[in-house]
Amino acid sequence: MSDKGITSATNVTIDQIEDDNIRYTWASFFIFIVLSSFIGDSIILIASIKFGAFKLHRLIVAIIQHIAVCDIIVSACAIPRVMTLLVGTWVLSDELCDYFAYAIYYFTVVSCFLIAVMTALKVFILKFPMHAKTVSHKKAHIVCATIWAFTLILPGTVFLLGGFQVSQFNFTAYTCDIDAALYSGSPHWKWLTPLLTVVFLILPNGVVITCTALILSAAINIT
């Protein structure tokens with residue numbers, strides 16, 4: 001059994017679910033979520049790549065495909081949570097706990113940015129339909145690849161300042177999480193925290209809200 005699991009269980013026993021029936025119920029719920037994601041996203045990928053079932057602009061289809069891939073990975077990251085709920089403690093290695101702590105943040109942010117860019121591209125297609133027709137499928141995937149690369153800044157920054165072994169198993173959420181206490185005394189985080197919050201939280205949500213408002217405004221004007 002992993003030392004991380006033993007240590008975490010000792011430190012946060014008060015938050016641990018002691019009732020096996022409740023743990024198994026939550027485990028069943030997450031199993032349902034994971035299976036639903038795998039099946040649904042796989043159908044999306046097969047239908048769009050093999051059969052070309054989506055009659056949407058190639059830019060939107062490309063981003064939907066990347067969102068589906070990202071969603072599958074996020075769902076896979078929930079598998080250790082299911083294992084821990086079934087067993088009652090973290091049973092994997094400390095290194096995997098660190099990996100999942102980074103991965104959850106990274107792929108969640110990727111998904112948020114992909115959704116934000118997809119919303120912005122809807123406005124682009126709406127405002128400049130002729131120019132949007134000239135965008136190739138390859139360029140659409142380049143845009144998505146840029147998003148994947150750009151969002152590496154978040155886990156990369158955390159890794160450069162803390163490296164590995166910065167996570168702890170959180171029995172409140174039954175998942176590995178980056179230990180904020182390791183960074184609370186760092187002078188770098190006094191200015192990095194608001195900067196990263198603006199770039200990776202406020203920015204994508206602001207884009208989604210603004211572009212959605214523009215799309216609704218255009219729809220109202222048409223009607």
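For what follows, Ala, Val, Leu, Ile, Met, Phe, Trp, Tyr, Cys and Pro are called nonpolar, Asp, Glu, Lys and Arg charged, and the others, Gly among them, polar. I start there as the classes come up twice in this talk. The model on the screen is a predicted one.

First, the fold. The chain contains ten helices and two strands. In sequence order the pattern reads α-α-α-α-α-α-α-α-β-β-α-α. The chain has 223 residues, and 38% of them count as buried. If we take contacts between residues at least 6 apart in sequence, 80% of these join residues at least 24 apart.

Next, the core. In soluble globular proteins, nonpolar side chains tend to be buried together. Here, the largest nonpolar core holds 42 residues, and Ile 63, Leu 114 and Trp 148 have the most contacts inside it. At least two core residues come from each of α2 (20-49), α3 (58-76), α4, α5, α7 (137-150), α8 (153-162), β2 and α10 (189-222). Which helix gives the most to this core? That is α5, with 13 residues. Let us look at Leu 114 in particular. Setting aside residues up to four places away in sequence, Leu 114 touches Ile 63, His 66, Ile 67, Cys 144, Ile 147 and Trp 148. Two of the names from before, Ile 63 and Trp 148, are thus among the residues that Leu 114 touches.

Now the empty spaces, beginning with the enclosed one. The count of cavities of 30 Å³ or more comes to one. Its volume is about 40 Å³. The residues lining this cavity are Cys 77, Pro 80, Arg 81, Trp 90, Phe 100, Ile 104, Thr 175 and Cys 176. Two or more lining residues come from each of α4 (79-87), α5 (94-127) and β2 (175-178). Using the classes I opened with, the cavity lining has six nonpolar residues, one polar and one charged.

Then there is an open space, the second largest pocket, with a volume of about 160 Å³. Its lining consists of Phe 30, Ile 33, Val 34, Asp 71, Val 74, Ser 75, Cys 77, Ala 78, Arg 81, Ile 104 and Thr 175. Helices α2 and α3 each supply at least two of those residues. By class, this lining divides into seven nonpolar, two polar and two charged residues. If you compare the two lists, Cys 77, Arg 81, Ile 104 and Thr 175 appear in both.

Two single residues remain. His 57 sits in the loop between α2 and α3. A polar atom of the His 57 side chain lies 3.0 Å from the backbone nitrogen of Leu 59. Beyond its neighbours within four places in sequence, His 57 is in contact with Ile 125, Ala 132 and Lys 133.

The other residue is Thr 157, in helix α8. Is Thr 157 buried or exposed? Thr 157 counts as buried, because its relative accessibility is 17% and the cut-off for buried is under 20%. Not counting residues up to four places away in sequence, Thr 157 touches Leu 192 and Leu 196. Thr 157 and Leu 196 are 39 residues apart along the chain, and their C-alpha atoms are separated by 9.4 Å.

That is the tour; I will take questions now.

Conventions. Residues are numbered from 1 along each chain as its sequence is written. This is a predicted model: local features need pLDDT of at least 70, side-chain atom pairs count only at pLDDT 80 or more; totals for chains, interfaces and linings use all residues. Side-chain values use heavy atoms; hydrogens and water are left out. On a 1 Å grid over the protein atoms alone, a cavity is a set of points where a 1.4 Å probe fits but cannot get out, and a pocket is an open set with protein on both sides within 12 Å along at least five of seven lines; lining residues have an atom within 4 Å of a point. Grid points are joined across faces, edges and corners, and a volume is the space filled by probe spheres set on the points. Helices (H or I, at least four residues) and strands (E, at least two) are DSSP runs, numbered from the N terminus. A nonpolar core is a set of buried Ala, Val, Leu, Ile, Met, Phe, Trp, Tyr and Cys residues joined through side-chain atoms within 4.5 Å. Buried means under 20% relative accessible area, exposed over 50%, partly exposed in between (1.4 Å probe, protein chains only). Contact means heavy atoms within 4.5 Å. A polar contact is a pair of N or O atoms within 3.5 Å; within protein, one must be able to donate a hydrogen and the other to accept it, and residues adjacent in sequence count only if both atoms are side-chain atoms.
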